[in-house]
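Please open the model in your viewer and keep the sequence panel beside it. The stops below each suggest a selection and then describe what is to be found there.

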Amino acid sequence: MEFSSKLLEQAVNEMAQLPGIGKRTALRLVLHLLRQPQEQTRFLTEALTQMREQMKFCSSCHTLSDVEVCSICSNPSRNPHIICVVEDVRDVMAIENTQQFKGIYHVLGGKISPIDGIGPSQLHITSLVEKVKTTPVEEVIFALSSTMEGDTTNFYIYKQIQNTGIKTSTIARGIAVGDELEYADEVTLGRSILHRIPFENSLKNN
């Protein structure tokens, strides 16, 4: 792709670094920004810069937050004794959209995947186990995607907390095997939360 401007080429190359954005789409987006009032572009730049510099991770559940403790963990109407374990903030948003879950979350920051060089020590598993052992948790819900990596991560955590006497469950398999949680429709995902099953039962079915 030939460019008449080095500045345009640089902007397109940077935009094309985003996932799912090729060079042609990046060019279309950059040209769209150039057609907008300069003030509008500045708003976008400032929003991205502010997000990058000021965004925090909740000290309790590790989701993205504007403050030290996120609005879900600090909400007195949520049940802190039920923890839903998810991979990342996209899964928190997906489950919240169902309006079926009233507990709190624990964001692992990924899944165990040896082929990608991701082991338990690189995820927020230790803090989850510590939370389960030191606070009055009643139930841990495994809500990772039903992939090999998700099942491996579920089983690893289950073995860590198996002897605590705390109830463990997993979302019902209304979610197709191999599907990522964020792509499930809200009705199916909501039902899978409501009709969750004991985690031990999921082991027997595998």
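Begin by selecting helix H6, residues 148-161, in what is a predicted model. At 1.5 Å a residue, the 14 residues of H6 should span 20 Å, and since the C-alpha atoms at its two ends are 20 Å apart, the expected and modelled values agree. Within this helix, now colour Gly 150, Thr 153, Asn 154, Ile 157, Tyr 158 and Ile 161, which are buried. Because these residues cover an arc of only 135 degrees around the axis, they are on the same side of H6.

Stay with H6 and pick Gln 160, which counts as partly exposed because its relative accessibility is 35%. If you also show Val 129, 31 residues away along the chain, you will find the C-alpha atoms of Gln 160 and Val 129 separated by 6.9 Å.

Move next to Thr 147, in the loop between strand S5 (139-142) and H6. With a relative accessibility of 12%, under the 20% cut-off, Thr 147 counts as buried. A polar atom of the Thr 147 side chain lies 3.1 Å from the backbone nitrogen of Gly 150, a residue that is among the buried ones of H6.

Now select S5 itself, and display its side chains. Glu 139 and Ile 141 point one way from this strand, whereas Val 140 and Phe 142 point the other way, and all are buried. To find one neighbour of S5, add strand S6, residues 167-170, which pairs with S5 in the parallel sense over four bridges; here the bridge partner of Ile 141 is Ser 169. If you follow the chain from S5 through H6 to S6, you trace a β-α-β crossover that is right-handed.

Strand S3 is also to be added, since S3 and S5 pair in the parallel sense over four bridges. The bridge partner that Val 85 has in S5 is Phe 142.

From S3, residues 82-86, go on to S4, with which S3 pairs in the parallel sense over four bridges. In this pairing, Cys 84 has Tyr 105 of S4 as its bridge partner. The chain passes from S3 through helix H4 (residues 89-98) to S4, and this β-α-β crossover, too, is right-handed. On S4, residues 104-107, Ile 104 and His 106 point one way and Tyr 105 and Val 107 the other way, and all are buried.

Two loop residues with positive phi values deserve a separate selection. Most residues other than glycine have a negative phi. Gln 99, in the loop between H4 and S4, has a phi near 60 degrees and is exposed, with a relative accessible area of 61%. His 62, in the loop between strand S1 (56-57) and strand S2 (64-65), has a phi near 75 degrees, but is buried, with a relative accessible area of 16%.

Finally, colour the chain by pLDDT. The mean for the chain is 88, and 85% of its residues reach 70 or more. Where in the chain is confidence highest, and where is it lowest? The highest mean is that of S4, at 98, while the lowest is that of helix H8, residues 199-205, at 64. Where pLDDT is low, the predicted coordinates should not be read in detail.

Note on methods. Residues are numbered from 1 along each chain as its sequence is written. This is a predicted model: local features need pLDDT of at least 70, side-chain atom pairs count only at pLDDT 80 or more; totals for chains, interfaces and linings use all residues. Side-chain values use heavy atoms; hydrogens and water are left out. Buried means under 20% relative accessible area, exposed over 50%, partly exposed in between (1.4 Å probe, protein chains only). Two strands pair if DSSP finds at least two bridges between them. A crossover is right-handed if, with the strands pointing away from the viewer, the path from the first strand over the helix to the second runs clockwise. pLDDT is the predictor's confidence in each residue, from 0 to 100. A polar contact is a pair of N or O atoms within 3.5 Å; within protein, one must be able to donate a hydrogen and the other to accept it, and residues adjacent in sequence count only if both atoms are side-chain atoms. The expected span of a helix is 1.5 Å times one less than its number of residues. The arc is that of the directions from the helix axis to the C-beta atoms.
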